[in-house]
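Here's a quick walk through one model, helix by helix, with a few odd backbone spots along the way. Have the structure open while you read.

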Amino acid sequence: MTKVSIIGAAGTVGSSFGYHLAVQSIVTEIVYVDIPSKHSFTVGQAEDTNHALAYHSDTEVFCGDYSDTENSDIIVITAGKPRQPGQTRIDLATDNKNILDSIINSLLEYNDDFISIITTNPVDLLNRYVFESGNRPRESVLGFGGILDSARFRYTLSQKLSLPPTAIDAAILGEHGDSQVPIFSQIKLSETTTPTFSPDEMEAILSSLKESAMRVIEQKKATQWGPSAGLYHMVSSIIEDNNHTYPCSVVLDGEYGLSNVSLGVPIHLGSNGMKEIIEWDLSPSEQNALQKSAEKLNSEYNLL
Ligand code: NAD
């Protein structure tokens, strides 16, 4: 039996992820939680999701309160304010920290051994905050962002190289934000030799990646399918204990020469959450950019 709870389930990311997870039939139960004023909408989302499952998935989806989350294996938090056009993720910090405080306190009344996946922005700061304000092992306190950034990197490269995105293995580490670090040195292609890019090309790719989320927000008001699919990859790897490597935000303890900061690094996922941080051999400029990303996050953490 596997139980997943989604906090913020009436929202764009929460509801899309709930549907994505439910149709794959890999968990027994999904609990949708949102604020009381969205109760009716959340009940409707759960019922509509159940109607999508009846031919191929026995996952049970229902709307509940915090007591219904009791003994969840994984809790995905997508609750909080999203960015509006023109806003940065850090603009959301204070409001979303306060929202997260009340959610974590409520969850801890009913759960003591669970994996949390923070999606709410600014995700790296909030994941560190959740870790530091509790007594849970860092392996079970994870932030989502790097999988989505890396998906955007793969897609951008696929357009540039005229290859299918699935033929490209490429990752973004560091902040889920402006100081993200595309790891050009580790790009692997299944069919051709490793590509080389000039500094100008790399800069142009990075600049396009930094704007990709806001492009979508300006066009359709929110990012939806990208985060939903990325969360599914993360959660399914934990449930299937499949050792997949994905960039996720986790509090570092000396890895990559960094400590007391949560940012995206490649990790093996498994039944306890993070099994291991993989330390890639980065180029000097990538290592330097990762260090700068950590410094940016550390100075912003003081704003929380
Ligand atoms: P949304 O406004 O559509 O949904 C947010 C939901 O949270 C709403 O349904 C709201 O009622 C709920 N909520 C607010 N306070 C709550 C509380 N105290 N308890 C329970 N539920 C509460 O926003 P969205 O587009 O789904 O985005 C949600 C968050 O995820 C934002 O902070 C956004 O920036 C972030 N996000 C992160 C990534 C990532 O890669 N990490 C990607 C997309 C969005």
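Leaving aside its neighbours within four places in sequence, which residues is S15 in contact with? Keep in mind that this is a predicted model. The partners of S15 are A9, A10, Y32 and Q45. S15 itself sits in helix α1, which covers residues 12–23. With a relative accessibility of 14%, S15 counts as buried, because the cut-off for that is under 20%.

Next, the helices whose lengths can be checked.

| Helix | Residues | Number of residues | First to last C-alpha | Expected at 1.5 Å a residue |
|---|---|---|---|---|
| α3 | 93–108 | 16 residues | 22 Å | 22 Å |
| α6 | 199–220 | 22 residues | 32 Å | 32 Å |
| α7 | 225–240 | 16 residues | 22 Å | 22 Å |

Let's start with α3. Its buried residues are A93, N96, K97, L100, I103, I104, S106 and L107. They pack against strands β1 (3–7), β4 (74–77) and β5 (115–118), as well as helix α4. A general point helps in reading such lists: an α-helix has 3.6 residues a turn, so residues three or four places apart point the same way.

How do α3 and α4 meet? The axes of α3 and α4 (residues 123–132) come within 11 Å and cross at roughly 35°, and the crossing is right-handed. On the α3 side, the contact is made by A93, N96, K97, L100, D101 and I104, while α4 brings L126, Y129 and V130. Sorted by class, that contact has six nonpolar, one polar and two charged residues.

Now for α6. Despite the good match in length, α6 bends by about 40° at S212. S212 is also one of the buried residues of this helix, alongside I205, L206, L209, A213, M214 and I217. What covers them includes helix α5 (146–161) and strands β8 (172–173) and β9 (181–182). Just after α6, K221 takes a positive phi of about 80°.

Helix α7 has a similar follow-up: D241, just after the helix, takes a positive phi of about 50°. Within α7, the buried residues are P227, S228, G230, L231, Y232, M234, V235, S236, S237 and I238.

Those phi values deserve a word. Most residues other than glycine have a negative phi, and most peptide bonds are trans. Two asparagines also go the other way. N71 has a phi near 60° and lies in the loop between β3 (60–63) and β4. Is N71 buried or exposed? N71 is exposed, because its relative accessible area is 58% and the cut-off is over 50%. N260 has a phi near 55°, but its place is in strand β12, residues 259–270. As for peptide bonds, the one from N121 to P122 is cis, with omega near 0°. P122 belongs to the loop between β5 and α4.

Last stop: V250, in strand β11 (residues 245–253). V250 counts as buried because its relative accessibility is 0%. Setting aside neighbours within four places in sequence, V250 is in contact with N127, R138, V141, L142, V261, S262, L263, V265, I267, M274 and I277. For a sense of how the chain folds back here, take V250 and S140: they are 110 residues apart along the chain, and their C-alpha atoms are separated by 8.9 Å.

Definitions and conventions
Residues are numbered from 1 along each chain as its sequence is written. This is a predicted model: local features need pLDDT of at least 70, side-chain atom pairs count only at pLDDT 80 or more; totals for chains, interfaces and linings use all residues. Side-chain values use heavy atoms; hydrogens and water are left out. Axes are lines fitted to C-alpha atoms, for helices over the stretch in contact, and angles run from 0 to 180 degrees between N-to-C directions. Helices (H or I, at least four residues) and strands (E, at least two) are DSSP runs, numbered from the N terminus. A crossing is left-handed if the near helix is turned anticlockwise from the far one by less than a right angle, and right-handed if clockwise. Contact means heavy atoms within 4.5 Å. Ala, Val, Leu, Ile, Met, Phe, Trp, Tyr, Cys and Pro count as nonpolar, Asp, Glu, Lys and Arg as charged, and the others, Gly among them, as polar. The expected span of a helix is 1.5 Å times one less than its number of residues. The bend at a residue is the angle between axes fitted to the seven residues ending there and the seven starting there. Buried means under 20% relative accessible area, exposed over 50%, partly exposed in between (1.4 Å probe, protein chains only).
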